[in-house]
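Please explain how this structure is put together, going step by step from its domains to its core, its empty spaces and a few single residues.

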Amino acid sequence: MRLPEAEIAAVVKQISGSDVKKCMKCGKCSATCPAYGEMRFHPHQFVTMVARGRVDELLKDETVARCLSCFACVERCPRGVEPANVVAAIRVIAEREQGGSNFVPDEVPGLIEADGEIPQQALVSAFRRYRK
Amino acid sequence: MTYSYYPGCTLKTKAKDLDFYGRECARALGVELEEIEEWQCCGAVYPVVRDEIATKLSAVRALMAARDEGRELLTLCSACHHVLTRVNHDMLTDPDVRAKANNYLKPQVPYAGETKVVHYLQMLRDEVGFDVLAKAVKNPLKGRKIGAYYGCLLLRPSKVMAFDDPEDPRIIEDFIKALGATPVVYAMRNECCGGYVTLKSEEQSRENVQRIIKNARNHGAEELITACPLCMYNLRKFGDGGMRIEYITELLYEALGLGSVQEPGTGADAGTPADAVCGAGLKS
Ligand code: SF4
Ligand code: SF4
């Protein structure tokens, strides 16, 4: 059974370790985000929506995987909110659900055949980022 | 000085050049790198969420191995450095992670983040000294205009990484200067190449790389250097070919007069990506 939205929001707060209430809505995180144009919701929206307990929409959105984990938003947030950690928590919770994995080992042979230069680091990180 | 050395999976396979030239140069500079035994892949991505434990254990094992040898742990790959430094910080500051990791690994002496993780560049700056390095240069790279590509992983989050000023770093520029070349400072040297999404969102990575290379060129850079195999892959794949991209250790090897480095693709990098996935061939 799926947890109610408010409880999932509490989990997000807990495992992200981010104090979303500290956000002053300056938008600096989203202004600096290199994935701004790729993600449906932007870092400041993740923070605000989680603060309000609205996580269902975030969890349904696949573009969360476009976050680069570059930590620019963390570095440049003047309030120490760590938006990337909130984004990561949402991504991980979605991936932990049954069928939530977005990368399967069967994809690897085709990828390597298409590009023999792919470094191990790219494959290992894909397993880490797109699977539970 | 002798360091425990953690090469990481990619330096054993696709990024053999980063490793090989790094070892050769360290030897020439009188620094011993002793590879820790039976290390495992660090996972390449730091698990940000707090309830992840299993994904941090291989890093803890490596940190503990260095502690047991009584040495600092030296890294070369930006991603390994990022993961090991952050997991170590967790072991030092987060009692929950520390307790669970120790319960799981059951080491003879519990680990609490004692190891100091040092990046190769920090070793050059703080142990060798850039002034001493400059004197060891036999083949100064005069007239070469080189841009440092830092990317994200070495610098951020600066509170934990404590590598350099996250917005105005200078360690690689000072390194370039020590080798007799001219460092080119450009705005996007600490912006992300899109490394982690390169397999799933290729276009996103391409756009990032092209912006970075254009920016570097506009500031006068004629070549770029990096310490990250994933940045290297992206920069070479999505760059326009006109910008030469090298590892920091290749540049160092050349400047120390140890020999010429081979063209990309013809050197030691013969491993297949499958090596990493099945975990084979990690020990040298
Ligand atoms: S930068 Fe920080 S304070 Fe500003 S909107 Fe983003 S999370 Fe909130
Ligand atoms: S970590 Fe993700 S959300 Fe934050 S700036 Fe980078 S891409 Fe954007």
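Domain bounds, on which the description below relies, come from an automatic or database domain assignment. For chain B of this predicted model, that assignment gives domain 1, residues 2–119, and domain 2, residues 130–277. The C-alpha centres of domain 1 of chain B and domain 2 of chain B lie 22 Å apart, and the contact takes 26 residues from domain 1 of chain B and 31 residues from domain 2 of chain B.

With the two domains in mind, we can turn to the interior. The largest nonpolar core has 145 residues, and those with the most contacts inside this core are B:Tyr120, B:Leu133 and B:Phe175. Chain A takes part as well, for the largest share of this core, eight residues, comes from helix α6 (residues 83–96) of chain A. Because domain 1 (2–119) and domain 2 (130–277) of chain B both give residues to this core, the core lies between them. What does B:Phe175 touch, if residues up to four places away in sequence are not counted? Its partners are B:Leu121, B:Leu124, B:Phe130, B:Leu133, B:Ile225, B:Ile248, B:Leu251 and B:Leu252.

A second route through the structure follows its empty spaces. Rolling a probe the size of a water molecule over the atoms shows where empty space is left. The largest pocket holds about 420 Å³ of space, and of the 23 residues that line this pocket, A:Glu82, A:Asn85, B:Tyr46, B:Arg50 and B:Asp90 are the closest to its centre. The elements that give two or more residues to this lining are α3 (78–93) and α7 (158–161) of chain B, and the largest share, four residues, comes from α3(B). By class, the lining of the largest pocket divides into eight nonpolar, six polar and nine charged residues. Between which domains does the largest pocket lie, and why? Domain 1 (2–119) and domain 2 (130–277) of chain B both give residues to its lining, so the largest pocket lies between them.

Cavities are another kind of empty space, and a search of the whole structure finds four of them of 30 Å³ or more. In the largest cavity there is about 140 Å³ of space, and of the 17 residues that line this cavity, the closest to its centre are B:Cys152, B:Leu153, B:Cys192, B:Gly195 and B:Cys231. The lining of the largest cavity has 11 nonpolar and six polar residues, but no charged residues, whereas the lining of the largest pocket includes nine charged residues.

Single residues and short elements add detail to this picture. B:Ile213 lies in helix α9 (residues 202–218) of chain B, and because its relative accessibility is 4%, B:Ile213 counts as buried, the cut-off being under 20%. Leaving aside neighbours within four places in sequence, B:Ile213 is in contact with B:Leu224, B:Leu235, B:Gly239, B:Met243 and B:Ile245. B:Pro47 is found in the loop between β2 (32–35) and α2 (57–69) of chain B, and at 8% relative accessibility B:Pro47 also counts as buried. When neighbours within four places in sequence are again left aside, B:Pro47 is in contact with A:Arg128, B:Glu52, B:Thr55 and B:Lys56. The C-alpha atoms of B:Pro47 and B:Val83 are separated by 8.3 Å, although these residues are 36 residues apart along the chain.

In chain A, helix α3 (residues 43–51) has several buried residues, namely A:Pro43, A:Phe46, A:Val47, A:Thr48, A:Met49 and A:Val50. The buried residues of α3(A) pack against α1 (5–16), α2 (28–32), α4 (56–60) and α6 of chain A.

The backbone itself deserves a final look. Most residues other than glycine have a negative phi, and most peptide bonds are trans. A:Lys25, however, has a positive phi of about 60° although it is not a glycine, and B:Ala44, which is not a glycine either, has a positive phi of about 70°. Is each of these residues buried or exposed? A:Lys25, in the loop between α1 and α2 of chain A, counts as exposed at 54% relative accessibility, while B:Ala44, in the loop between β2 and α2 of chain B, is buried, with a relative accessible area of 3%. Lastly, a cis peptide bond, with omega about -10°, joins B:Arg156 and B:Pro157, and B:Pro157 lies in the loop between β5 (145–148) and α7 of chain B.

Definitions and conventions. Residues numbered from 1 in each chain as written. Chains lettered and ligands numbered in written order. Predicted model: local features only at pLDDT ≥ 70, side-chain atom pairs only at ≥ 80, totals over all residues. Heavy atoms only, no water. Core = buried A, V, L, I, M, F, W, Y, C linked by side-chain atoms within 4.5 Å. Buried < 20%, exposed > 50% of the residue type's maximum accessible area, 1.4 Å probe, protein only. Contact = heavy atoms within 4.5 Å. 1 Å grid on protein atoms, 1.4 Å probe; cavity = no way out; pocket = protein on both sides within 12 Å on 5 of 7 lines; lining within 4 Å. Points joined across faces, edges and corners; volume = space filled by probe spheres on them. Nonpolar A, V, L, I, M, F, W, Y, C, P; charged D, E, K, R; others polar.
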